Amino acid sequence: MEARHIQDFSDGGNVTYHWGYAERQVPCKNDVGSCEYLDEVYGGHDRGMVYVGIFWTTVIGILFFWALFHRMSSTRLSRTASSISNRYLLPEFKRGRWLFGRTTRLQVLVLAILIGYLSIFTFAGISYKIWITPVKAHPGVYNTRSSLGPWSDRIGVIAYALTPLSILLASRESLLSVITGLPYHHFNFLHRWLGHIIMLQSVLHTIGWCIIEIKLYQPQPSVATEWIKQTYMIWGVVALIILLLLWGLSTRYAQRKFGYEFFRKAHWILAILYMGAAIGHWSGLQCFIIPSMLLWALDRGIRLGRAALIHYQIMPDGKGLFKTIDAKVTHFDEEIVRLDFTSQVRWSTGQHFYVTFADKGFWQSHPFTPLSVSGPRQAYLFRGKKGETKRIADSTLATLPVILTGPYGQSVTEKLEDDCNVLCITGGTGITFVLPVLLELANSTTTGSLELVWVIRHDHDRKWIARELDLLRATDRVKITIVTTRDPLSLSNVNTESNSNSDDDKSLPLQTPTTELSEKDTQTHHRPDLASVVRDFVSSTDKGATTVYVSGPSGMITDVREEVARYNDPAKVWKGQQEARVELIHDERLE
Ligand SMILES: Cc1cc2nc3c(=O)[nH]c(=O)nc-3n(C[C@H](O)[C@H](O)[C@H](O)COP(=O)(O)OP(=O)(O)OC[C@H]3O[C@@H](n4cnc5c(N)ncnc54)[C@H](O)[C@@H]3O)c2cc1C
């Protein structure tokens with residue numbers, strides 16, 4: 001790395017080495033002020049590197065204990081801890097919805113702790129001073145040296161050090177999921193906010209050094225011109241431009257304007273370009289960027305490998321062939337599509353696959369949850385949105401070649417106790433997340449109550465999963481309530497089929513109708529009062545904990561989160577009363 005600042009290595013002397021920074025000439029041969037300033041620059045940098053070391057040790061430490069906790073069987077302590085977390089941290093952080101969207105208090109708390117921790121390390125270990133020092137080559141001209149230099153360096157170092165974490169949080173083949181048991185897409189919130197933090201740090205780093213090199217150092221404009229022409233500076237400008245583009249195109253506005261798929265592809269490409277430019281800007285800190293690039297490449301390599309494992313077949317003639325799977329396509333009205341096919345792949349309930357509709361090439365893959373339990377038959381249901389799903393929904397295709405990658409996510413039933421009561425609440429195509437749960441449990445030894453509340457627009461939408469509904473009814477284990485929201489209001493909006501051993505057939509309370517529909521839909525909306533759905537179910541169970549599965553519009557998830565939190569009583573759980581423990585498992589497809 002080239003000599004920094006005012007050190008002239010040509011007149012000999014020793015050097016000291018500083019990880020991630022240029023060597024330092026010792027003893028210092030400059031004026032007192034400049035030497036003190038260099039002490040602050042190098043000392044501040046070394047302490048900064050120690051702090052990011054502490055930061056990463058803390059992250060690894062937390063993941064280590066989380067992995068232990070996650071693999072611990074369910075104990076009195078872990079049950080009470082989860083009940084406390086559900087009671088106080090599961091509800092949405094409502095006051096911050098304008099900033100964070102519909103996010104739980106837990107996610108916001110983790111973010112607040114992260115920002116607090118980073119803020120301490122951003123300002124600690126720097127003594128804030130100003131030095132007026134002579135410019136050797138220009139007698140009578142003075143530089144204003146200040147701790148803005150060491151501080152701007154520090155914030156740059158932390159931005160570099162956070163890059164691997166940002167990639168880890170965005171990985172689909174997620175190491176974090178393996179360690180914590182949390183599905184990879186639950187880390188999206190932290191990935192987004194780490195992106196905002198890195199962007200802010202990079203902008204502040206740039207502003208800091210612009211003030212120094214363009215305003216505080218003299219003589220101007222020669223110092224500024226010299227500075228900006230240096231290679232590392234040119235790369236710095238390139239890196240910042242790419243980062244601003246990456247950030248700008250990630251905004252909801254840009255996603256809506258250019259489409260989600262453009263956002264995804266641009267995000268991948270700009271991320272790797274940014275990392276390349278960051279090395280160009282400060283190769284001394286590539287110790288953070290190289291691992292980030294490797295994680296980025298590994299994530300994509302494993303995805304390709306998994307798709308190949310599913311689709312690559314050795315033909316009778318010994319030749320290998322990448323074969324797509326032919327799916328039968330069923331079109332329902334209102335742009336709903338069902339895919340059915342058979343394959344060798346197996347998965348756990350709650351997991352999803354990335355599906356590529358390979359009739360038009362394989363540049364896009366989208367996550368869908370199989371609505372069947374693991375077995376030779378796989379079935380998917382999706383609503384046409386604006387992109388690939390709309391293309392298929394608008395088509396008249398009867399069969400479709402698909403490419404699968406996966407499965408992804410975690411089993412959502414493996415930790416259920418035998419007497420666990422299960423309530424599934426869902427809307428529309430969200431049924432794909434909860435149906436496999438009920439199909440699995442209704443055919444298992446579980447003794448708890450099983451109930452499904454499915455909110456659909458029209459009664460005939462139940463045709464989407466007619467076969468699976470018949471399978472559920474045949475088990476006679478599940479109480480099924482189907483609520484239609486757009487059929488003319490009448491007694492049939494709520495249809496409850498109780499299983500033979502439940503005596504409860506009172507109809508479901510409906511929320512007061514709202515009339516927000518466009519002219520086309522002159523019918524009124526009748527959504528069930530989800531809070532009372534949870535209340536009625538929990539109070540109808542006499543023993544065993546309850547797990548509520550919810551998948552559907554984000555408003556539905558918010559309502560259920562509130563009610564589930566209200567029903568957790570950690571003190572009772574500590575005393576062994578499992579019925580006071582209510583867990584929530586929700587599908588984040590709409591995040
Ligand atoms: C874990 C998971 C499971 C899902 N399971 C189902 C399911 O079983 N049935 C169903 O109807 N929908 C499901 N979805 C949603 C489904 O993936 C999107 O509706 C679909 O990707 C939209 O594709 P599009 O090209 O039409 O999107 P666009 O119209 O371009 O985008 C609409 C929205 O879909 C989401 N989206 C689009 N592409 C992706 C992508 N590649 N990855 C993640 N989100 C994306 C974004 O939120 C975007 O804003 C699931 C989503 C996730 C994350």
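## Val110 and its patch

Let's start with Val110, which sits in helix H4, a stretch running over residues 105-123. Keep in mind that this is a predicted model. Is Val110 buried, exposed or partly exposed? Its relative accessibility is 36%, so Val110 counts as partly exposed.

Val110 also has company: together with Leu106, Leu109 and Ile113, Val110 makes up a nonpolar patch on the surface. Added together, these four residues offer about 320 Å² of accessible area.

## Leu63 in helix H1

Now hop over to Leu63, part of helix H1 (residues 32-71). Leu63 counts as buried because its relative accessibility is 16%, and the cut-off for buried is under 20%.

Which residues does Leu63 touch, if you skip its neighbours within four places in sequence? The answer is Leu176, Ile179 and Thr180. Ile465 is another story: from C-alpha to C-alpha, Leu63 and Ile465 are 40 Å apart in space, with their positions 402 residues apart in sequence.

## The six-stranded sheet

Next up is an open sheet built from six strands. Going across, you meet them in the order E10-E9-E12-E7-E8-E11, and the pairing is antiparallel. At the edges are strand E10 (366-368) and strand E11 (377-383), each of which pairs on one side only. From one strand to the next, the twist averages 40°.

Zoom in on the E10 edge. Strand E9 covers residues 352-357, and three bridges link E9 and E10 in the antiparallel sense. Here you can spot Phe353 standing opposite Phe368 of E10.

Notes. Residues are numbered from 1 along each chain as its sequence is written. This is a predicted model: local features need pLDDT of at least 70, side-chain atom pairs count only at pLDDT 80 or more; totals for chains, interfaces and linings use all residues. Side-chain values use heavy atoms; hydrogens and water are left out. Two strands pair if DSSP finds at least two bridges between them. Helices (H or I, at least four residues) and strands (E, at least two) are DSSP runs, numbered from the N terminus. Axes are lines fitted to C-alpha atoms, for helices over the stretch in contact, and angles run from 0 to 180 degrees between N-to-C directions. Patches are made of residues with over 30% relative accessible area and no salt bridge: like charges are joined within 9 Å, nonpolar side chains (Val, Leu, Ile, Met, Phe, Trp, Tyr) within 5 Å. Accessible areas come from the Shrake-Rupley method with a 1.4 Å probe; for residues, only the protein chains shown count as cover. A salt bridge is a side-chain nitrogen of Lys or Arg within 4 Å of a carboxyl oxygen of Asp or Glu. Buried means under 20% relative accessible area, exposed over 50%, partly exposed in between (1.4 Å probe, protein chains only). Contact means heavy atoms within 4.5 Å.
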